[in-house]
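Visitor: I'm new to this one. Could you pick a single spot and take me through it closely, then show me how it sits in the rest of the chain?

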Amino acid sequence: QVQLVESGGGLVQAGGSLRLSCAASGRAFSSYAMGWFRQAPGKEREFVAAITWSGGSTYYADSVKGRFTISRDNAKNTVYLRMNSLKPEDTAVYYCAADKVYYTGSYLPRDKYEYDYWGQGTQVTVSS
């Protein structure tokens with residue numbers, strides 16, 4: 001079992017930046033692909049970004065490409081989401097997720113149903 005705990009959310013003005021962190025328990029963290037998702041009120045949970053177990057490949061939703069950066073530190077069992085140039089439409093609860101399937105190539109899961117473990121979420125609010 002893996003437990004994920006997000007932190008770093010908050011209130012920021014449009015154009016500002018935040019860095020979210022997701023701390024994971026368990027020795028298997030370094031073998032998991034990790035993802036970030038978000039859910040705004042009244043909307044479906046949507047994919048934001050994902051990173052392979054090694055950190056060698058990443059993938060982003062078009063809506064955040066060029067503004068957000070996902071990274072990980074396997075020694076610290078932590079995955080990060082750096083968010084720059086934030087917009088009001090980025091306002092949502094942000095969740096990190098872990099996919100326990102070990103992918104040997106560069107494939108990255110992008111569907112929420114592919115992920116096995118979820119954190120409780122952290123609120124990000126961007127004011128205009």
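**A close look at Tyr-102**

Guide: Let's start with how much of Tyr-102 is open to the outside: its relative accessible area is 47%, so it counts as partly exposed, a class that runs between 20% and 50%. Keep in mind as we go that this is a predicted model.

Where does Tyr-102 sit? Look in the loop between β9 (residues 92-99) and β10 (residues 117-118). Setting aside its neighbours within four places in sequence, Tyr-102 is in contact with Ser-31 and Trp-53. Now hop over to Glu-44: Tyr-102 and Glu-44 are 58 residues apart in sequence, and from C-alpha to C-alpha the gap in space is 27 Å.

Time to zoom out. The protein chain has eleven strands and zero helices, so if you walk from the N terminus you'll read β-β-β-β-β-β-β-β-β-β-β. Among contacts with a separation of 6 or more, 60% join residues 24 or more positions apart.

As for overall size, the C-alpha trace spans about 40 × 30 × 25 Å along its principal axes. The radius of gyration is 14 Å, which agrees with the value near 14 Å that a compact globule of 128 residues would have. Of those 128 residues, 44% are buried.

On the outside, the protein chain exposes about 6,500 Å², with carbon and sulfur atoms supplying 47% of that area. Last stop, the charges: there are 14 positive and 11 negative ones, and their mean positions lie 5 Å apart.

Notes:
Residues numbered from 1 in each chain as written. Predicted model: local features only at pLDDT ≥ 70, side-chain atom pairs only at ≥ 80, totals over all residues. Heavy atoms only, no water. Helix = DSSP H or I, 4+ residues; strand = E, 2+ residues; numbered from the N terminus. Buried < 20%, exposed > 50% of the residue type's maximum accessible area, 1.4 Å probe, protein only. Contact = heavy atoms within 4.5 Å. Rg over C-alpha atoms; globule rule 2.2 N^0.38 Å. Areas by Shrake-Rupley, 256 points an atom, 1.4 Å probe, with all protein chains shown as cover. Lys, Arg positive; Asp, Glu negative; His and termini not counted. Charge placed at Lys NZ, Arg CZ, Asp CG, Glu CD.
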